[in-house]
Amino acid sequence: MTPWLAVIGIGEDGYAGLGKRARRALLETGLIVGAPRQLALLPPCIRADRLEWPRPFSLVPVLERRGTPLCVLASGDPMLFGVGASLARVLDPAEMCVLPAPSSCSLAAARLGWALQELTQLSVVARPVAVLNHHVHAGARLLILSNDGKSPAAIAALLRERGFEASRLSVLEHLGSESERRIDGLAGSWSVEETAALNLVAVECVPGKQPRHLPQTSGLPDDTYRHDGQLTKRDMRAITLARLAPLPGQLLWDVGAGCGSIGIEWMRAHPNCRAIAIEADEGRQEMILHNREALGVPALHLVAGAAPQALDGLESPDAIFIGGGVTVPGVLEQCWERLKPGGRLVANAVTIQSEALLVGWRERHGGELTRIVIAQAKPLGNFDTWRSALPITLLDAVKPLVQEGAL
């Protein structure tokens, strides 16, 4: 297949910084699509018609001309948080010819003397700044593509809130152009309310006097969450996540999500993990919204409603956790029906009635039952004794790849 689409990365140095293939593509095409700032970088010798991206952003102007030769302009490397990556999700790679320029992250690393393989590249372009919460750790180096000139101040505020006010920030404006500028400072004393709209923020994370550390392992401390007691406790949560076994790109349903802890820690397992929290209680829905931001997974999707009705129309999951509502008629059945073949269902039971349902379920569908008793040392007079929490019965079942009776 001959590519009909050329996706051209262009830097702040404009047309002069492009290679021969990129220049030739622009000279020979009849249409160029890009942002106003990018289109303005082209010289008069480029005769092609110019079309700005619509607002809100949409790929429709390109996709509706599929098969017709045209060029798309992108900032720097189109495949790094760029339009090239968006187009690649919906087009055959053979339809595209991608001609990248140095990305802003590459230029920033060169200016700072940082090794690209040792840092984390992030974007808050049209994304909540809260996504950074998942990546703030002592010694971490972050390169963050800003949404606008107010992003650096918002990033500094987030670092202060996390107790990382000693972190060093460098804002690099208009990288690669004659007007390139660098602003350095500390998160704790950052006073620049607005910078140039086109900027990248480099952060070297340094904890202050009272940092709030968020470990990468499952089983975060219970007081990390805002909750009303409807929380899968720390040790049980770690066991449950181990049985759910999150993998990159997989989707979890957290049914009866409470404060959202299982779905949140599922998503924290890998940046590409996805989760849907289904919760009927309005107060707990507010807790989920708070907790997902505070713990750096703002993309956690909340469905306000009760299972099984609230499950209608949702994307089929790779794994399901039922933390609440096991005894509601139809919940187990619909979850099992909607679970992808090879998917994992984990359910926890505390009451005799819910345990009986899981025992019956295992007899019909298989799986493992595990009874878990967790005890903690508590004072008893001048001594200590073991105080046991209520025993929990855990069902772990894997849906067969081929259903019985199927050809």
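Two strands count as paired here if DSSP finds at least two bridges between them. Keep that in mind while looking at this predicted model, starting with strands S15 and S19. S15 covers residues 344-349 and S19 covers residues 392-398, and the two run antiparallel with six bridges between them. If you want one spot to zoom in on, take Leu345, which sits opposite Ala397 in S19.

Now zoom out a bit. S15 and S19 belong to an open sheet of seven strands, ordered S13-S12-S11-S14-S15-S19-S16, and the pairing in this sheet is mixed. At its edges you'll find S13 (301-304) and S16 (368-372), each of which pairs on one side only. Going from one strand to the next, the twist averages 15 degrees. Helix H10, residues 331-338, packs on this sheet and touches S11 (251-255), S14 (319-322), S15 and S19. The direction of H10 makes about 170 degrees with that of S14.

Next, head towards the start of the chain for another open sheet. This one has five strands in the order S3-S2-S4-S1-S5, with parallel pairing. Its edge strands are S3 (49-52) and S5 (96-99), and each of them pairs on one side only. Ignoring direction, neighbouring strands are turned by 20 degrees against each other on average. A helix packs on this sheet too: H1, residues 20-28, touches S1 (5-10), S2, S4 and S5. Between H1 and S1 the directions make about 125 degrees.

Within the five-strand sheet, have a look at S2 (residues 31-34) and S4 (residues 70-75), a parallel pair joined by two bridges. Here Ile32 stands opposite Cys71 in S4. Strand S4 also holds Ala74. So is Ala74 buried or exposed? The cut-off for buried is under 20% relative accessible area, and Ala74 counts as buried because its value is 4%. Who are its partners? Leaving aside neighbours within four places in sequence, Ala74 is in contact with Ile8, Gly9, Ile10, Gln38 and Val83. Take Ile10: it is 64 residues away from Ala74 in sequence, yet their C-alpha atoms are 6.1 Å apart in space.

For a contrast, jump to S18, residues 383-388. This strand is hardly covered, and the count of buried residues among its six is zero. S18 runs antiparallel to S17 (residues 375-380), and six bridges join the two. Leu380 stands opposite Phe383 in S18. Together S17 and S18 make a hairpin with two residues between them, and Gly381 in that turn has a positive phi of about 65 degrees.

Finally, step back to the whole chain. There are 11 helices and 19 strands, and the C-alpha atoms fill a box of roughly 80 × 65 × 35 Å along the principal axes. Of the 407 residues, 46% are buried. Among contacts with a separation of 6 or more, 64% come from residues 24 or more positions apart; the Ala74 and Ile10 pair, 64 residues apart, shows what such a sequence gap can look like. The accessible surface comes to about 20,200 Å², and carbon and sulfur atoms hold 53% of that. As for charge, the chain carries 40 positive and 42 negative side chains, with the centres of the two sets 4 Å apart.

Terms used: Residues numbered from 1 in each chain as written. Predicted model: local features only at pLDDT ≥ 70, side-chain atom pairs only at ≥ 80, totals over all residues. Heavy atoms only, no water. Helix = DSSP H or I, 4+ residues; strand = E, 2+ residues; numbered from the N terminus. Axes fitted to C-alpha atoms, helices over the stretch in contact; angles between N-to-C directions. Contact = heavy atoms within 4.5 Å. Buried < 20%, exposed > 50% of the residue type's maximum accessible area, 1.4 Å probe, protein only. Areas by Shrake-Rupley, 256 points an atom, 1.4 Å probe, with all protein chains shown as cover. Lys, Arg positive; Asp, Glu negative; His and termini not counted. Charge placed at Lys NZ, Arg CZ, Asp CG, Glu CD.
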